[in-house]
Amino acid sequence: MELKPVIGLEIHCQLLTRTKLFCSCPTDYVGREPNTIVCPVCLGLPGSLPVLNKEALKLALRAAIALNCNILRKTRFHRKNYFYPDLPKAYQISQYDIPLGVHGYLEVNGKKVRIRRIHMEEDAGKLVHPTKTGRLEGAQYSLVDFNRCGVPLIEIVTEPDISSPEEAKAFVMELRSLVQHIGVSDGNMEEGSLRCDANISISVDGKWGTKTEIKNMNSFKAIERALAYEIRRQIDTILSGGEVVQETRHWDDSRGITTSLRGKEEAHDYRYFPEPDLLPLTITDELISEIRATMPELPKARRERWKRDYGLGDYEVSVLSSSKPLGDLFDTCVREIGRPKEVSNWLQVEFLRIVDELNLRIEESVFVVPYLKEILELLDNGVINAQIAKSVFEEAVRLRRFPHEIVKSKGLEQVSDESAIREAVKSVLAENQDAVHSYLSGKDKAFNFLLGQVMRVTKGKANPAVVRKVLEEELKALS
């Protein structure tokens with residue numbers, strides 16, 4: 001029996017507009033007092049009429065073009081009818097039978113994942129559960145915040161072309177990078193700007209099985225773990241003679257399992273009908289040309305440029321293009337400093353570590369450019385060694401202080417004076433006789449230990465090349 005996972009994704013992506021999809025309420029709901037940015041339109045009160053946000057339409061078209069979709073010239077909105085406590089109208093204005101774009105694709109690691117459709121819709125509100133975990137379990141009551149109602153979204157639906165959790169994660173990472181690069185969305189998964197649903201089934205000897213849906217995964221790690229669990233669960237069910245049930249499931253990240261939420265709805269369950277308060281849309285050639293003319297460099301083209309012009313490898317370009325702000329910072333550094341290979345190494349290793357430790361926002365980190373330029377100059381001039389350079393760079397970023405000031409104030413200048421280093425080497429050899437005997441008896445690893453001891457004694461300021469030379473000379477004299 002041949003069992004293969006079959007995965008399709010549905011990604012909701014919040015558009016970067018200042019106002020909501022059908023009214024003038026602001027979209028920056030994060031951190032706001034609940035229910036303070038709502039109006040009769042986004043609450044769907046009687047007599048209110050929606051008016052389409054043209055900027056949202058342009059951003060949605062930009063995404064559809066970047067995803068290589070065919071743009072449908074006539075489109076329209078429908079009412080998708082269902083009841084949730086955070087959906088005050090009991091319907092969602094969405095697109096149904098005629099979306100904005102169809103039959104596109106996104107290339108991920110050399111594989112084209114087909115895009116079935118991309119359409120616009122409004123977001124719902126949010127339920128707030130007053131428990132320690134914020135989860136429904138154990139709550140005596142729930143509160144509802146309608147601030148998010150009417151925020152503009154695009155939904156991107158793939159064909160079931162994905163065959164592993166790793167591939168799904170890579171697709172969402174590439175998609176997030178794309179929408180960031182074209183200015184359609186900030187792609188912030190923690191704040192819910194980008195959320196992922198997945199449909200999973202197991203193909204048995206080439207015959208597709210029953211699919212389940214996992215809702216609202218909001219991190220790359222959650223996507224990978226949830227899919228891995230669900231694939232194992234379905235395979236175990238099939239191998240034990242059970243039956244996979246079509247349903248919607250919830251990913252419980254703390255327990256590492258999926259749990260059943262409800263039966264899976266079909267399109268006819270929503271009783272779609274055309275939105276009577278919005279006219280059908282005509283997408284003109286002029287509008288498409290206008291958007292194409294302002295399309296920036298896409299992630300794939302950017303990676304190819306970095307490889308071609310800077311000689312970077314696949315791994316380096318994949319890390320640097322994982323987010324637009326990081327790629328922008330790299331390009332800025334190269335314009336100001338040059339030396340792309342060294343800049344790439346510093347950003348990927350030291351800078352990203354510091355970003356993680358200090359919880360910095362990369363998009364606000366352009367201030368590091370002159371710091372990095374100065375660090376490389378200090379290294380070139382032999383003022384500091386590589387080890388000291390790392391600690392100085394970290395302190396410069398943390399304190400927003402120029403590296404040369406830190407080096408001077410802390411006396412971190414590199415020591416290259418051979419007589420001073422020889423004195424330190426002799427001291428270390430005298431205090432580490434066991435290591436000396438090990439080295440002289442043929443155990444080469446002892447050399448690195450002794451070298452490290454010299455660097456420790458000189459507080460990391462000694463020139464490693466001079467230390468190595470002097471250490472070799474002194475050990476040779478003892479042999």
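Does N109 count as buried or exposed, and at what relative accessibility? Keep that in mind while you load the model, which is a predicted one, and we'll get to N109 once the whole thing is on screen.

**Zoom out first**

Show everything as cartoon. You should be looking at 16 helices and 16 strands. The radius of gyration is 29 Å, well over the 23 Å that the globule rule gives for 479 residues, so the protein is more spread out than a compact globule. If you like to draw a box along the principal axes, the C-alpha atoms fill one of roughly 90 × 55 × 50 Å. Colour by burial next: buried residues make up 50% of the 479.

**Stop 1: the β6–β7 hairpin**

Select residues 101-108 for β6 and 111-122 for β7. These two strands run antiparallel and are joined by seven bridges. For a landmark along the ladder, pick Y105, which stands opposite R114 in β7.

Now go to the turn, where two residues sit between the strands. N109 is in this loop, and here is the reply to the opening question: N109 counts as exposed because its relative accessibility is 74%, where the cut-off for exposed is over 50%. Check its backbone too. The phi of N109 is near 50°, a positive value in a residue other than glycine. As background for that, most residues other than glycine have a negative phi.

Before leaving, add residues 70-71, which form β2. Strand β2 also runs antiparallel to β6, with two bridges between them. Click N70 and look across to V102, its bridge partner in β6.

**Stop 2: β11 and its two partners**

Select residues 194-204, which make up β11. This strand is mostly covered, with ten of its eleven residues buried. Add residues 3-14 for β1: β1 and β11 pair in the antiparallel sense over eleven bridges. L9 is a handy residue to label here, since L9 stands opposite A198 in β11.

Then bring in β12, residues 212-217. Four bridges join β12 to β11, again antiparallel. Label C196 and you'll find it opposite M217 in β12.

**Stop 3: two cavities**

How many cavities of 30 Å³ or more does a search of the whole structure find? It finds two.

Start with the largest cavity, which holds about 40 Å³ of space. Show sticks for its lining:

- C42, L87, P88, K89 and Y91 are among the lining residues.
- E122, D123, A124, C149 and G150 also line this cavity.

By class, that lining has six nonpolar, one polar and three charged residues.

The second largest cavity has about 30 Å³ of space. Select F22, C23, V41, C42, K89, I93, E122 and G150 to show its lining. Those residues divide into five nonpolar, one polar and two charged. Keep both selections on screen and pick C42: C42 lines the largest cavity, and C42 also lines the second largest cavity.

**Stop 4: the second largest pocket**

Hide the cavities and move on to the second largest pocket, with about 1100 Å³ of space. Its lining takes in 28 residues, and for centring the view use R176, E190, L360, I362 and E363, which lie nearest the pocket's centre. The elements giving two or more residues to this lining are α3 (165-181), α8 (324-337) and α9 (340-358), so colour those three separately. As for character, the lining splits into ten nonpolar, ten polar and eight charged residues.

Stay with α3 for a moment. Draw a distance from its first C-alpha to its last: α3 has 17 residues and reaches 24 Å, close to the 24 Å expected at 1.5 Å a residue. The helix is mostly covered, with 13 of its 17 residues buried. Just after α3, click G183, which takes a positive phi of about 70°.

**Last stop: R400**

Which residue has a positive phi of about 55° although it is not a glycine? That is R400. To find R400, show α11 (386-399) and α12 (403-410) and look in the loop between them.

Key
Residues are numbered from 1 along each chain as its sequence is written. This is a predicted model: local features need pLDDT of at least 70, side-chain atom pairs count only at pLDDT 80 or more; totals for chains, interfaces and linings use all residues. Side-chain values use heavy atoms; hydrogens and water are left out. On a 1 Å grid over the protein atoms alone, a cavity is a set of points where a 1.4 Å probe fits but cannot get out, and a pocket is an open set with protein on both sides within 12 Å along at least five of seven lines; lining residues have an atom within 4 Å of a point. Grid points are joined across faces, edges and corners, and a volume is the space filled by probe spheres set on the points. Ala, Val, Leu, Ile, Met, Phe, Trp, Tyr, Cys and Pro count as nonpolar, Asp, Glu, Lys and Arg as charged, and the others, Gly among them, as polar. The expected span of a helix is 1.5 Å times one less than its number of residues. Buried means under 20% relative accessible area, exposed over 50%, partly exposed in between (1.4 Å probe, protein chains only). Two strands pair if DSSP finds at least two bridges between them. The radius of gyration is taken over C-alpha atoms; the globule rule is 2.2 Å times the number of residues to the power 0.38.
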